Amino acid sequence: MSEFTTKVFNGFVTQGKLMGTRCKSCGEIHIPPRRICSKCNSQQLEWFEFKGEGTLEAVTLVRVPSSKFRNRSPYAVGIVRLDEGPSISGLMKVDKPETLEVGERMRFIPIKDGEKTILGFKFL
Amino acid sequence: MGLYRGVSIVGAGMTRFHNKLHADKTGRELFVEATLEATASVDKGFRLREAGALFLGNFTSDIFEGQGHTAAVMADWLGINPIPAFRVEDACASSGAALNLGVMAIASGMTDVVIVGGVEKMSRLNTEQVTDALALAADTSYETSVGFTFPSIYGALASAYFRKYNATWDQLAAVTIKNHRNGTLNPKAHFQSDIRTTANKLGEKDGRTFKNELEFLRSDLNPIVASPLRLFDCCPVSDGAAAVILAADDIARRYTDTPVKVAGIGQASDTIALHSRSDFTTLKATVKAVKDAYAMADVKPKDIQVADVHDCFTIAEVVATEDLGFFPYGQGGRATEEGRTALNGELPINPDGGLKAKGHPVGATGVAMAYEMFKQLRGQAGKHQVEGVEIGLAQNVGAAGASVAVQVFRRG
């Protein structure tokens, strides 16, 4: 099985899969994947596939973007608490980003960005 | 946990923090200026060569100035080679962390006297370049890669805080108004104009009048940076440097009869990404660092009489006052609105104007907080002096709390 790296994680995102790790020792699940369990420090980890659904717990509308997101401004970015427990940051692909509020149900989607893919979310 | 040997501040200096005033100076020149002021502030005299080590907080002069290896640069420019010189990088908590290490160096017995400083020369870059540079303090692989900037991480944090505690942006505006008011009393502050005056000035240019500060802060003259945070919720981009001279308690009186004791220190880390935490409305690293600092100093939150906290964004001050134990969770914003943290309140927070008005040359901030506490506890803070204070606290945060440095200070 592939290594628990950013590169492999991003490869899964491109394929439309949201993958993390599960600790075989304590059962903790993590996203992104880790080599060492952040709860019990075990190195006995295995891949874990998230369903990709969750609740928006934090969101902001960015009007002063970084250079790489200049062309998307204004855009919403936020943190989704996945139904399995852990949460992850993503770019929000919604029609009126300024109306997005904490509490919305979201679903993971890969967002094409030239050669790359950005981890994104849309309304469930 | 304790120190084998007590440590005190015997001198402190800082440049004014500003975005234009220092245009013709490099970081090293700012740092020399701050250190010379610190040297001159030592009551019974101090020669730079008496220092046994230099600890320098600096976030990224590599990006801001194209200069790495900054501790060596500063040691050279202070003319004190071959002094051991260490650069400490913990993002915005760099010099708070450097201060903690400086204390440890003396406590370990390695040396009796240490110079701790911080510097950042940020203004050479434009807004987008500074935005990119500051984003390096967040998680490049998993936060900035999806569009997070540094202000937007705090914007997201604020959205979670508002939801959890039913809090409002007006509470953040109260932080802005208070800190800018304090800044008018601090000659070292970047902004020395209160919001009322700024509203009048900007309104006049635009042919508009604002009936009060809130009306101005809600207007398009205070645009959204990353919702709910507007321009005046964010600290400015500033150049500046700060330095303190630390001495072992057993020799501090060689330098001054009124040292300020570093009574307790704390340092903690947390996940680099905000999303990896169970709660986005508290910085666990602050909670842990201050717990350790209180224990070492043998004080409780209610013993603190004045504090500088890390208000890089207004929401950060609100969260800090809760995590430090000053106010119950969810109550920090209301406490500010009620004036409890004002200069004449029960617990003055950021009497120097905070990062918000004083400015935030990233690497200089932690030591600039120690400078403020040194002045406050010696009764030398001038117009923003809080009367009769003996115990103070500084809380310096790296990014969204992945690093936090805390010190409790006590009049010697």
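Start by selecting Pro74(A): this residue sits in the loop between strand E4 (53-62) and strand E5 (75-82) of chain A. Helices (H or I, at least four residues) and strands (E, at least two) are DSSP runs, numbered from the N terminus. Now show the backbone of Ser73(A) and Pro74(A). The peptide bond between Ser73(A) and Pro74(A) is cis, with omega at about -5 degrees.

A word on the ground rules. The model is predicted, so local features need pLDDT of at least 70 and side-chain atom pairs count only at pLDDT 80 or more, while totals for chains, interfaces and linings use all residues. Residues are numbered from 1 along each chain as its sequence is written, chains are lettered from A and ligands numbered from 1 in the order in which they are written, and side-chain values use heavy atoms, with hydrogens and water left out.

**Stop 1: all of chain A**

Zoom out and colour chain A by secondary structure. One helix and eight strands appear. Their order along the sequence is α-β-β-β-β-β-β-β-β. The radius of gyration of chain A is 15 Å, close to the 14 Å of the globule rule for 124 residues, so chain A is as compact as a globular protein of that length. That radius is taken over C-alpha atoms, and the globule rule is 2.2 Å times the number of residues to the power 0.38. Turn the C-alpha trace: along its principal axes, the trace of chain A spans about 45 × 30 × 20 Å.

Next, colour by burial. Buried means under 20% relative accessible area, exposed over 50%, and partly exposed in between (1.4 Å probe, protein chains only). Of the 124 residues of chain A, 47% are buried. Contacts, meaning heavy atoms within 4.5 Å, also reach along the chain. Among those in chain A between residues at least 6 apart in sequence, 47% join residues at least 24 apart.

**Stop 2: helix H1 of chain A**

Select residues 6-14, which form helix H1 of chain A, and find Phe12(A) there. Which residues of H1(A) are buried? They are Phe9(A), Phe12(A) and Val13(A). These residues cover an arc of only 105 degrees around the axis, which puts them on the same side of H1(A). The arc is that of the directions from the helix axis to the C-beta atoms. An α-helix has 3.6 residues a turn, so residues three or four places apart point the same way.

Now see what the buried residues of H1(A) pack against: strand E1 (18-23), E3, strand E7 (105-113) and strand E8 (116-123) of chain A.

Stay on Phe12(A), which has 11% relative accessibility. Leaving out residues up to four places away in sequence, Phe12(A) touches Ser2(A), Lys17(A), Met19(A) and Trp47(A). Phe12(A) and Trp47(A) are 35 residues apart in sequence, and their C-alpha atoms are 11 Å apart. Step just past H1(A) to Gly16(A), where phi is positive at about 85 degrees.

**Stop 3: Asn41(A)**

Select Asn41(A), in the loop between strand E2 (29-30) and strand E3 (45-50) of chain A. Phi of Asn41(A) is near 70 degrees, a positive value in a residue other than glycine. Is Asn41(A) buried or exposed? Asn41(A) is exposed, at 56% relative accessibility.

**Stop 4: Leu91(A)**

Move to strand E6 (residues 87-92) of chain A and select Leu91(A). Leu91(A) is buried, with a relative accessible area of 3%. Show its contacts, leaving aside neighbours within four places in sequence: among them are Phe69(A), Tyr75(A), Ile111(A), Ile118(A) and, from chain B, Val146(B). Lys122(A) is 31 residues from Leu91(A) along the chain, with 8.8 Å between their C-alpha atoms.

**Stop 5: chain B**

Select helix H8 (residues 195-205) of chain B, where Ile195(B), Thr198(B), Ala199(B) and Gly203(B) are buried. They cover an arc of only 125 degrees around the axis, which puts them on the same side of H8(B). Flip to the other side: Lys201(B), Glu204(B) and Lys205(B) are exposed there. The buried residues of H8(B) pack against helix H7 (169-183) and helix H9 (213-217) of chain B. Just after H8(B), Gly207(B) has a positive phi of about 65 degrees.

Go to Asn166(B), in the loop between helix H6 (150-165) and H7 of chain B. Phi of Asn166(B) is near 55 degrees, a positive value in a residue other than glycine. Asn166(B) is exposed, at 69% relative accessible area.

End at Pro228(B), in the loop between strand E5 (224-226) and strand E6 (229-230) of chain B. The peptide bond from Ser227(B) to Pro228(B) is cis, with omega near 0 degrees.
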